[in-house]
Amino acid sequence: MNTDDTVVRLCSQGMRAEAEGRPDDARDLFHRAWEAAADDYEACVAAHYLARQQATPEEALHWNRECLRRAGLVGDERVAGFSPSLHINIAKAHLDLGEPGPAREHYERAAARLPEAPPGQYADWLRYAVADGLRSTGAVPPRPWAPELESLAARLGGSGRGGGLRALALVLPALLGDLGTEEDRERLATALHMVHAARMLSGADQAALEEALRTVNGAAA
């Protein structure tokens, strides 16, 4: 984004006010950004931030929908990377309203648009949010290996041991980012095989890893 742009600058100031615990100031700055918007792109940016500072889920949904509508009117590379996030925000607003059906639809739309997000930590975060949303709305059935691996991940995360933490770093991204596809199952199986081959774990942890690996491999399509 162009930091010299008035709308972008006001939204940046609003985010700073949010971080400093000044929500009223943040809301005012985001409103000023909306009023200053000169085209659909700037209106899209302002609406995105306005949605963050609404008192009710209905108002948040309204501004998230407005953001998505304006992004559709822009329709170029400036907003392509935003698409997954916009659908995630709408899905969350629907969940807050107790509407899992529309939420599921928007999580599925977000999943389809994930390749448009530029690679990096932001894309990873989006993937985790989509995966969690798909699971919570029933779009992806529970994976048979999830309880075993979640239990193992909890133990490794609390152990503080170097080998355990390295194993966790390899397995956790594939586990948290599982969108329910065969490609995701293969990604998780590959991570588990790497940990197993490196003999990073021992005792009960290694046995739990081997059991989870058998379950993941047994679920191959």
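These exercises, each with a worked solution, concern a predicted model of a protein chain.

**Exercise 1. Describe the overall make-up of the protein chain: how many helices and strands does it have, and what box do its C-alpha atoms fill?**

Step 1. Count the elements. The protein chain has 12 helices and 0 strands. From the N terminus on, the order therefore reads α-α-α-α-α-α-α-α-α-α-α-α.

Step 2. Take the extent along the principal axes. The C-alpha atoms fill a box of roughly 60 × 35 × 30 Å.

Step 3. Turn to burial and surface. The chain has 221 residues, and 42% of them count as buried. The exposed area is about 11300 Å², with carbon and sulfur atoms supplying 52% of it.

Step 4. Look at the contacts. Among those with a separation of 6 or more, 60% join residues 24 or more positions apart.

**Exercise 2. Place Tyr 107: which helix holds it, and is it buried or exposed?**

Step 1. Find the element. Tyr 107 lies in helix H7, residues 100-113.

Step 2. Apply the cut-off. Buried means under 20% relative accessible area. Tyr 107 has 4% relative accessibility, so it counts as buried.

Step 3. List the neighbours, leaving out residues up to four places away in sequence. Tyr 107 touches Ile 88, Ala 91, Lys 92, Leu 95, Ala 129, Val 130, Gly 133, Leu 134 and Thr 137.

Step 4. Set a separation in sequence beside one in space. Tyr 107 and Thr 56 are 51 residues apart in sequence and 21 Å apart in space, C-alpha to C-alpha.

**Exercise 3. Where do the buried residues of H7 fall, seen down its axis, and what covers them?**

Step 1. Check the helix length. H7 has 14 residues and reaches 20 Å from its first C-alpha to its last. That is close to the 20 Å expected at 1.5 Å a residue.

Step 2. Name the buried residues. They are Ala 103, His 106, Tyr 107 and Ala 110.

Step 3. Look down the axis. The buried residues of H7 fall within an arc of 105°, so they line one face of the helix.

Step 4. Find the cover. It includes helix H4 (57-74), helix H6 (83-96) and helix H8 (121-136).

**Exercise 4. Which residues of the largest nonpolar core touch the most other members, and which element gives the most to this core?**

Step 1. Recall the background. In soluble globular proteins, nonpolar side chains tend to be buried together.

Step 2. Pick out the best-connected members. The largest nonpolar core has 22 residues; Val 7, Cys 11, Phe 30, Ala 33, Val 45 and Val 79 touch the most other members.

Step 3. Assign the elements. Helix H1 (6-19), helix H2 (23-36), helix H3 (40-50) and H4 give two or more residues to this core. H3 gives the most, with 7 residues.

Step 4. Look beyond this core. Another one, of 19 residues, lies apart from it, and Trp 145, Val 171, Ala 174 and Val 216 are among its residues.

**Exercise 5. Place Leu 149: which helix holds it, and which residues does it touch?**

Step 1. Find the element. Leu 149 sits in helix H9, residues 146-159. At a relative accessible area of 2%, Leu 149 is buried.

Step 2. List the neighbours, again leaving out residues up to four places away. Leu 149 touches Val 171, Leu 175, Leu 188, Leu 192 and Ala 212.

Step 3. Compare sequence and space. Leu 149 and Ala 208 are 59 residues apart in sequence, yet 8.0 Å apart from C-alpha to C-alpha.

Step 4. Follow Ala 212 into H12. There Asp 205, Gln 206, Leu 209, Ala 212, Leu 213, Thr 215 and Val 216 are buried.

Step 5. Check the span of H12 (residues 203-218). Its 16 residues should span 22 Å at 1.5 Å a residue; the end C-alpha atoms are 23 Å apart, which agrees.

Notes:
Residues numbered from 1 in each chain as written. Predicted model: local features only at pLDDT ≥ 70, side-chain atom pairs only at ≥ 80, totals over all residues. Heavy atoms only, no water. Helix = DSSP H or I, 4+ residues; strand = E, 2+ residues; numbered from the N terminus. Buried < 20%, exposed > 50% of the residue type's maximum accessible area, 1.4 Å probe, protein only. Contact = heavy atoms within 4.5 Å. Expected span 1.5 Å × (residues − 1). Arc of directions from axis to C-beta. Core = buried A, V, L, I, M, F, W, Y, C linked by side-chain atoms within 4.5 Å. Areas by Shrake-Rupley, 256 points an atom, 1.4 Å probe, with all protein chains shown as cover.
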